[in-house]
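Work through these exercises with the structure open beside you. Try each task before you read its solution.

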Amino acid sequence: MKRILSFWPAIAIWAVFAVLMVALDGVWSLGNLALLLVLCSTLASFWLSAAVSVVVSAAAVAWFNWFAVPPRFTFHVELHQDVLLLVTLLCTSSVISVLMARLRSHALMQEQVAEQARRQQTLATQLQQAASVPDQVRVAQALLSDWTGCAVSLLLQRPELGDAWFGPAAQTEPPTALRQQLVACIQEQSAIGPGTGRYENLSALVLPLRAGVRVIGALALDPEPVREPPVALAALQNLARLLADEIERLQSRQQAQQAHEHLQTQQLRNTLLAAISHDYRTPLATITGAASAMAQQAAQVHDPRTEQQAQTILAEAGHLHRMTTHTLQLARLDGLDAPLQCSWESVEELWGVVLASARRRYPERTLQADVPPGLPLLWCEPILLVQLFENLVDNAIHYSPADAPVRLQARQVDGAIEMAVMDRGVGIPPEWHDKVFDPFFRMQSAERPDPNQDAMARRGMGLGLALCRAVAKAHEAKIWIQAREGGGTVVRLHMPLRSQPVAQSEESDA
């Protein structure tokens, strides 16, 4: 019925033609009446398709022959010029009808292109003004729902946060069937549903949200019922692609901004730490020198109380010196222009320095080292690697019972040397294995009780393991924490091997 009503202007034009033919019969010549028929055929073609217009024009020519061409009220034609007139009328009306239909089709296509461009511009403008991805989704839902008359739902894939579903305001959870359709569209990376040639029996038209070559989600148009897309499928796909590109652009911009802010914060922090730590060295040297002199004088005069106080000052100054050194090293390694002073070193020599220092500071503790013979050399900065293992050994001693040995173990695996520091301490919960490497992070005593409450090393800024990770990263190595079988903690360092240096042979005598 709606399609028939759209033809009413053409019906009215042919009705007026019929009235005029009757009224002007005998007043106008046959040629003028033929021109009137051509005019009406041309005007009616604006509202009729090419095929219908040709059929109607042929019927009008036949009626014109019946009513106006002698002998009247028959289809017989007496004069040859009248036959030519009727043939000319039929051909002219048909050609005009086809041309007008093509012109109307072209104009309609241009109108659709302009409408599609307007919609894309509107969607792009409002998406660019949105401050967050949920705001972008709400804008897209409102516009697409208004343009299509469909309920709009979206499913976004966010690997780091999980999938996010955005449905109509009345829906708090996605229907199971709709969610399955959205997931299927993402997996197949193509449109599915009515009008797509794939899964035509679905209740919704589902389009992938494709940003470049990556599908970041899917969009569903869910009218009741669906038989064909309410808007051209190609236009809907362009709108879905525009939405995906804008979501990806906003996320990339936010990530870049966060990275820039993090870099600025880190650089400012490192600058402040380096300045403060550097300024600590002069007063620390003065305190250490004065405490050493005080201890020597107290020993000469046999004053044990003063000597003990001087030793306490020296121990505290040494603790501050280690924290200052860690801070400066961490600031240097976090810098963008911090080349390493590398050389070829053996694991035995590095661990010899570490064990000598640890035994000097903890003479009562048992330290064990297992280094198989013939290990390749490491290309590293020895001072940094010694600091790394000193931190790990200090932590192992700190968080393990006094009678439990601390073990160092090295082995060669898959083109690398893997070194481990193992203890029998309280351990670290699995959820904290990564967090303990963050700067200024320290586990609460309730979560990690201290078995050595009298140890001075229990205090600190949480930079020890952060420095270890920075040293490992600077050497392109990996460091991680594991739970030790039987209780305790294992910290492993995976150092990649390089081509070993070739020993220079002695020059032969000339």
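## Exercise 1: The chain as a whole

The protein chain exposes about 28,800 Å², and carbon and sulfur atoms supply 57% of that area. The model is predicted.

Task: find how many helices and strands the protein chain has, and what share of its residues counts as buried.

Solution.
- Step 1. Count the elements: the protein chain has twelve helices and eleven strands.
- Step 2. Turn to burial. Of the 510 residues, 39% count as buried.
- Step 3. Look at the contacts. Take those in the protein chain with a separation of 6 or more: residues 24 or more positions apart account for 65% of them.

## Exercise 2: The sheet of four strands

Task: give the strand order of the open sheet of four strands, and say which strands stand at its edges.

Solution.
- Step 1. Read across the sheet. The order is 2-1-4-3, and the pairing is antiparallel.
- Step 2. Find the edges. Strand 2 (164-166) and strand 3 (205-211) each have a single partner strand, so one side of each is left without a neighbour in the sheet.
- Step 3. Add the twist. Neighbouring strands of this sheet are turned by 20 degrees against each other on average, direction ignored.
- Step 4. Check one pair. Strand 3 and strand 4 (residues 214-222) run antiparallel and are joined by seven bridges. Leu205 has Leu221 of strand 4 as its bridge partner.
- Step 5. Place the helices. Helix 6 (residues 133-148) lies across strand 1 (151-156), strand 2 and strand 4, at about 150 degrees to strand 1. Helix 7 lies across strand 1, strand 2, strand 3 and strand 4, at about 140 degrees to strand 4.

## Exercise 3: Arg179

Task: locate Arg179, then decide whether Arg179 is buried, partly exposed or exposed.

Solution.
- Step 1. Locate the residue. Arg179 sits in helix 7 (residues 176-188).
- Step 2. Classify Arg179. The relative accessible area is 32%. Partly exposed covers the range between under 20%, which is buried, and over 50%, which is exposed. Therefore Arg179 is partly exposed.
- Step 3. List the contacts. Leaving out residues up to four places away in sequence, Arg179 touches Leu155, Asp163, Trp165 and Pro174.
- Step 4. Take one of these contacts. Leu155 is 24 residues from Arg179 along the chain, and their C-alpha atoms are separated by 8.0 Å.

## Exercise 4: The sheet of five strands

Task: work out the strand order of the open sheet of five strands, and state which helix packs on the sheet.

Solution.
- Step 1. The order is 6-8-9-11-10, with mixed pairing.
- Step 2. Strand 6 (367-370) and strand 10 (478-483) stand at the edges. Each has a single partner strand, so one side of each lacks a neighbour in the sheet.
- Step 3. From one strand to the next, the twist averages 15 degrees.
- Step 4. Strand 10 pairs with strand 11 (residues 489-496) in the antiparallel sense, over six bridges. Ala483 has Thr489 of strand 11 as its bridge partner.
- Step 5. Helix 10 (residues 347-361) packs on the sheet and touches strand 6, strand 8 (406-413) and strand 9 (416-422). The direction of helix 10 makes about 175 degrees with that of strand 6.

## Exercise 5: A nonpolar patch

Task: name the residues that make the nonpolar surface patch of about 370 Å², and place Phe46.

Solution.
- Step 1. The patch is made by Leu39, Leu43, Phe46 and Trp47.
- Step 2. Phe46 lies in the loop between helix 3 (30-44) and helix 4 (50-68).
- Step 3. Phe46 has a relative accessible area of 42%, so Phe46 is partly exposed.

How values were computed:
Residues are numbered from 1 along each chain as its sequence is written. This is a predicted model: local features need pLDDT of at least 70, side-chain atom pairs count only at pLDDT 80 or more; totals for chains, interfaces and linings use all residues. Side-chain values use heavy atoms; hydrogens and water are left out. Patches are made of residues with over 30% relative accessible area and no salt bridge: like charges are joined within 9 Å, nonpolar side chains (Val, Leu, Ile, Met, Phe, Trp, Tyr) within 5 Å. Accessible areas come from the Shrake-Rupley method with a 1.4 Å probe; for residues, only the protein chains shown count as cover. A salt bridge is a side-chain nitrogen of Lys or Arg within 4 Å of a carboxyl oxygen of Asp or Glu. Helices (H or I, at least four residues) and strands (E, at least two) are DSSP runs, numbered from the N terminus. Buried means under 20% relative accessible area, exposed over 50%, partly exposed in between (1.4 Å probe, protein chains only). Two strands pair if DSSP finds at least two bridges between them. Axes are lines fitted to C-alpha atoms, for helices over the stretch in contact, and angles run from 0 to 180 degrees between N-to-C directions. Contact means heavy atoms within 4.5 Å.
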